Structures are given as C-alpha cells and as structure tokens.
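Please look over the sequence and the 3D structure shown here, and then follow the account below, which goes from the overall fold to the interior and on to the surface.

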Amino acid sequence: MGVAEVIFGRLADGELVIIDGGTGSQLQAEGVPMDDVAWSARANLEQPDVVQHVHEAYIRAGAEVLIANTFAASRAALEPAGLGSRVAEANRSAVRAALRARETAATRPVAVAGSMSSFCPIAMDPEALGSPLGGPASEDPRFPSLADFREQAELLAEAGVDLIVLEMIDAEGYGRAAVQAAAETGLPVWLGISPVRLDDGTLGTLPELGDGDSFEDLLSVLVGPALAAVTVMHANPEVTLDAIEIIRGHFAGHIGVYAETGNWEPPSWVFDGLTPDEYLQEAITWADRGAQLIGGCCGVGPEHIRVLADGLARRGLPPDQGI
C-alpha cells in the first residue's frame, strides 16, 4: 500500500495527520536569501542541502506530510527571475531534497507532496511587472496558465511525489486550470485557499490573487470530485473557524488547516507571530471543528510543529501512529 493510501485510510478512520510548517520562511530563518522575484525557489538550485535540512527538521518535529519547496517553482514564477530554462531542474531538485530527507530522517512513513500555487511576481509585489492590469486575476496572463500548471504537475509526478497540493488558489480561472492539471496526473489533489476577512465581516480572497469573489463563491466553483481534501492555508488563524464551516457546506471530504503567523515584507517574512504554544491553542480549535490535516505555513517553524504534534497527541489525536 502506498503512503498516500495509508494517509487517507487514517483520515477515513477519523485520525489526524500532521503537515509540516513553512518551508520558504524556514529557509529564510536558516539564512538562505529570498529572491526578489522567485522567493524561495532559487534555493532548490543553489542550496538544496539546506532545503533537505529543513525537511529533516520538520520530520523530526513530527510532520507526516512534507510539502516540497515547489510553491514558487512554476514557469510563471521562474521565467521573470531569469530562471525559465531551469524549471525542470528546480522542481526535480526540490522533490529530491524532500525524498532524501524522508530517507534520512523518517522513522515512520512520511508523504511527500508537490506544491503548485498562484505564486508569480505580482504575488510577490504588484509593481514587479508594472501596474496591475485592472481586470480579475482569472484573466491576468501573469498568473500561471493551464500549460504552466501541466508542465509543473508532470514534473512533480515524474519526480515521485505522493500527492499534489494546490496553494493560494484564490481565483476561478487559474484555479480551474490548477485543479485540472493536478487531477490529470492521477495523484490525490488537495485544494488550498487563503481567505481573508472583508470589511463586512464575510470571508473573501486575497486581493492581489483573487477576483473579488467571496470565499464561498470560489469554493462552489472549484470543489469537485477530483479533490481529496480542501485546506485553509497561508491565512490568518482568525479566519480559520469560519472557513472550516463554509468548506463543510460545500465539501464532504477531508479538511485541513495550515495557517500563517507573522507578517510579509517582500521578499522576507517577519517572525513576530504566535509562539508555538499559542499556535497549538489555535490548532486545538481547528481539530475540534473537524480539521484532520493540521500544520503550518509561513512563520510556523519546526518548534511550532513539535509542540503541535505533541500537544494534539496528548489530546488523544495520535499523529505518531505512523502512516
């Protein structure tokens, strides 16, 4: 039985699975420079040993799912950074680092996920490619296209990932393309959306990456049979409980949360967010609401994951049973 199959078997039995923390922000914490355009993706080409080290730290902290450092490794992200000829190399190196970390550090089965996201220069800095086009993100050619997602999905599948996670998918157009490309690989697919609190109190999508639609409207468009899980990711912990309830109204499958903590000052993350114990208290509320895939995004490091895994295990949600 494959690792992904065992994970979903555990989820079906009502168990909890621990995801890792933020890879890009932890690379920064380890001293790896963040690229002004390609953010953490350049590390796959220049410091793959540090990428592997970060994954190993998360495994030792209790993570059961590693998300490879491919969040910013699509052609749409790398071409503007002058790295368009190295898209395949960047993705293969990232997956290789995660697989080697699993071989080196894991004492139980650990899944390796490949990330595909909306990340591109406009996500890093709206002025990076000139002024915004003014239309919805779904129609903005600077975001990854179906061809970009297909290229990356095929690379990730060939490199040996166990599943594909879609991250910061906050618009219908590229969202449909991402889901289609990921599903075409035949691997399990998780859809990750990053909701924000709007002025009227409802949940919407990130303004730089979305079309101005509500979180619920976007879910109603993107949720379908191709998805094995829907996650709330790279979002303020404050919105997660409402997001879980909205997801449950549109999706009968497994729900995950891996929130951010701290602040973003491109291209760097500012580590002024929740302590590991404070993050655990938030995560307990997510588990109580039915989230079964729990980890962290930017600002969440190995110590957060260690406290998270230990704390949830003490509550009778045993991540250490193996997958």
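In this predicted model, the protein is built from 13 helices and twelve strands. Its radius of gyration is 18 Å, close to the 20 Å that the globule rule gives for 323 residues, and therefore the protein is as compact as a globular protein of that length. Along the principal axes, the C-alpha trace extends over about 50 × 45 × 40 Å. When contacts with a sequence separation of 6 or more are considered, 78% of them join residues that stand 24 or more positions apart.

Turning to the interior, buried residues account for 58% of the 323 residues in the protein. The largest nonpolar core comprises 117 residues, and those with the most contacts inside it are Leu166, Trp190, Trp286, Ile294, Leu308 and Leu312. Helix H6, which covers residues 87-105, gives the most to this core, contributing eight residues.

Trp190, one of the residues with the most contacts inside that core, can serve as a point from which to explore the surroundings. If residues up to four places away in sequence are left aside, Trp190 touches Phe8, Ile19 and Val65, the run Leu163, Ile164, Val165 and Leu166, and also Ala228, Ala229, Thr231 and Leu293. Leu166 thus appears both among these partners of Trp190 and in the list of residues with the most contacts inside the core.

At the surface, the protein exposes about 12000 Å², of which carbon and sulfur atoms supply 47%. As for charge, the protein carries 19 positive and 47 negative side chains, and the centres of these two sets are 7 Å apart.

Notes: Residues are numbered from 1 along each chain as its sequence is written. This is a predicted model: local features need pLDDT of at least 70, side-chain atom pairs count only at pLDDT 80 or more; totals for chains, interfaces and linings use all residues. Side-chain values use heavy atoms; hydrogens and water are left out. A nonpolar core is a set of buried Ala, Val, Leu, Ile, Met, Phe, Trp, Tyr and Cys residues joined through side-chain atoms within 4.5 Å. Buried means under 20% relative accessible area, exposed over 50%, partly exposed in between (1.4 Å probe, protein chains only). Helices (H or I, at least four residues) and strands (E, at least two) are DSSP runs, numbered from the N terminus. Contact means heavy atoms within 4.5 Å. The radius of gyration is taken over C-alpha atoms; the globule rule is 2.2 Å times the number of residues to the power 0.38. Accessible areas come from the Shrake-Rupley method with a 1.4 Å probe; for residues, only the protein chains shown count as cover. Lys and Arg count as positive and Asp and Glu as negative; His and the chain ends are not counted. The place of a charge is taken as NZ of Lys, CZ of Arg, CG of Asp or CD of Glu.
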